[in-house]
Amino acid sequence: MAKIIVNASRSVGTINPNIYGHFAEHLGRLIYGGIFVGENSDIPNVNGMRVDVVEALRKMRIPVLRWPGGCFADTYHWKDGIGPKESRATIVNTNWGGVTEDNSFGTHEFMELCRQLGCEAYFSGNVGSGTVQEMSDWIEYCNMGGISPMSQLRRANGQDAPWNVKFWGIGNEAWGCGGNMTAAYYADECRRYSTYMRNYSPDHKIVKIACGANALDYNWTKTVVEHAGHMIDAISLHYYTLPTNDWQGSKGSSTEFDTKLYYETLDHTLFMDELVENHSRVIRVAGKGKKIGLVVDEWGTWYDVEPGTNPGFLYQQNCMRDALVAAINLNIFNNHCDTVMMTNIAQVVNVLQAVILTEGDQMLLTPTYHVFEMYKNHQGAQQLECYAQTRMIGVESAKVPQLHASASRDEQGNILLTIANLDESESCPVSCLIADAAFTSVSARVLAGDPHAHNTFDSPENVVPVEFAVTVENGEICAVLPACSVCAITLKA
Ligand code: AHR
């Protein structure tokens, strides 16, 4: 029998709610159609935002949303997206399908979306093709409360009070689509941009997030932190899970895969643990004592697009395999909450590992959505040390632990224990020892299914969480975790 040991008297810190963040790029059917349909749409909306999507994201308790890219951010000139819609610039989205972008969703619409969602905004600024002045003006436009050229412009466009946007990214993937810069060159640019990124209120200090590394490019992190660390609050990291690990060839199908690809996908996603640990170490050493956070602002699965869809739109299905990927990554982030201050899964609706898919007026919640919803009480809770004593399973090329877990305790003393059973076909009897904590009652939910199981518009509730029976024996919580499942156990104080 496998064993989970939770040590309630040891913790690395508080799980920042923003670890459960999301990402919305102007890409494919994410913004247009997926979230924003316009006030005149037949699809029920409030100020142009889909009611069904906003309600679902609120229920999942979305804490923060990154926007407008991605690669799009380094082609985005924010002044194109303000003012009367009929006079906004029409541009070409050169990164994603070459489609026309009419800028009808801009700064005011994004802030209205965040208002409806009740979440923080995270703006990704344009370093690749923008200017320092543009970035500086954008912050002044959003955050200046008094009289200034940009705050007056904002007022003229209908918004009196400043929004006090907290999170500002200094470019995106500057090593690639964001300008193909070297780390040293970017570090200098980062210092220059940071100089003019001002605070407009002592009560609302901005958080400056430098563009970080791709996967295991530790040299990028080291160089940027060594040279610009004193002028930033955090640095990002991007790491996508590809079943094949082949960026040039086929990335694999979202729904059709064999046992080997299943375990290889999970193995590739488990690499996040090593990346977070190593980048955190590099940041600590290169930062010379300054606390600089790690923001994993793009992560998730990336497959070939669904057959027949626009290759530039990155639309993919989402099945139980993705639920396990989400569970593993969220467990990893919880367990590294001493250094990870935010993460943003890519991307929120209709793109890559989306939590929501839409088709016209239809909407479905993916298995990944259900994992975020089942994990939501980890937000703001105190991480607890958690160890899975479990066997290794898998195939020759990819050995993974059968169980993967994390735990936390909220302010009321309730403990949430989340466990994924990675085994493709075998259930797993487990007993969970909760050391140094008392509880009065236990309840659990489980999300389970064949690794290929997914929701469709015809069958949107094929994969949903259900109540799950656990027993308490000699003070330990006992259960049989179904094959390929994610389980959330709540212990009431
Ligand atoms: O999420 C899709 C793309 O992946 C983003 O635009 C870019 O930052 C990354 O390469």
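1. A disulfide is here a pair of cysteine sulfur atoms within 2.5 Å. In this predicted model, a search of the whole structure returns one such link, and the two partners are cysteine 71 and cysteine 177, whose sulfur atoms are 2.2 Å apart. The angle about the S-S bond is -90°, and the link between cysteine 71 and cysteine 177 is accordingly described as left-handed.

2. Cysteine 71 also belongs to the surroundings of the ligand, where it is listed together with Phe23, Glu25, Gly70, Trp96, Asn172, Glu173, Tyr240, Glu298, Trp302, Gln347 and Leu352. Sorted by class, this shell contains six nonpolar residues, three polar ones and three charged ones.

3. Which polar atoms of the protein approach the oxygen atoms of the ligand? From the backbone, a polar atom of cysteine 71 is 2.8 Å from a ligand oxygen. From the side chains, a polar atom of glutamate 173 lies 2.7 Å from an oxygen atom of the ligand, and an N or O atom of glutamine 347 is 2.9 Å from an oxygen atom of the ligand. On its own the ligand has 280 Å² of accessible area, and the protein covers 93% of that area.

4. Tyrosine 240, another residue of the ligand's surroundings, takes part in an aromatic pair as well. The whole structure holds 27 aromatic pairs, and in one of them tyrosine 240 meets tryptophan 247 edge-to-face, with 6.3 Å from centre to centre and 80° between the planes. The pair counts as edge-to-face because planes over 60 degrees apart are placed in that class.

5. Are the two partners of this pair buried or exposed? Tyrosine 240 has a relative accessible area of 8% and is therefore buried, since the limit for that class is under 20%. Tryptophan 247, with a relative accessible area of 43%, is partly exposed, because that value falls between the limit for buried and the limit of 50% above which a residue counts as exposed.

6. Two arginines deserve a separate remark, as each is placed over an aromatic ring. Arginine 66 lies over the face of phenylalanine 23, at 4.6 Å from the ring centre, and phenylalanine 23 is itself among the residues that surround the ligand. Arginine 321 lies over the face of phenylalanine 257, at 3.7 Å from the centre of that ring.

Notes:
Residues numbered from 1 in each chain as written. Predicted model: local features only at pLDDT ≥ 70, side-chain atom pairs only at ≥ 80, totals over all residues. Heavy atoms only, no water. Near = heavy atom within 4 Å. Polar contact = N/O pair within 3.5 Å; in protein donor to acceptor, adjacent residues only side chain to side chain. Areas by Shrake-Rupley, 256 points an atom, 1.4 Å probe, with all protein chains shown as cover. Nonpolar A, V, L, I, M, F, W, Y, C, P; charged D, E, K, R; others polar. Phe/Tyr/Trp six-rings, centres within 6.5 Å; stacked < 30°, edge-to-face > 60°. Buried < 20%, exposed > 50% of the residue type's maximum accessible area, 1.4 Å probe, protein only. Lys NZ or Arg CZ within 6 Å of the ring centre and 35° of its normal.
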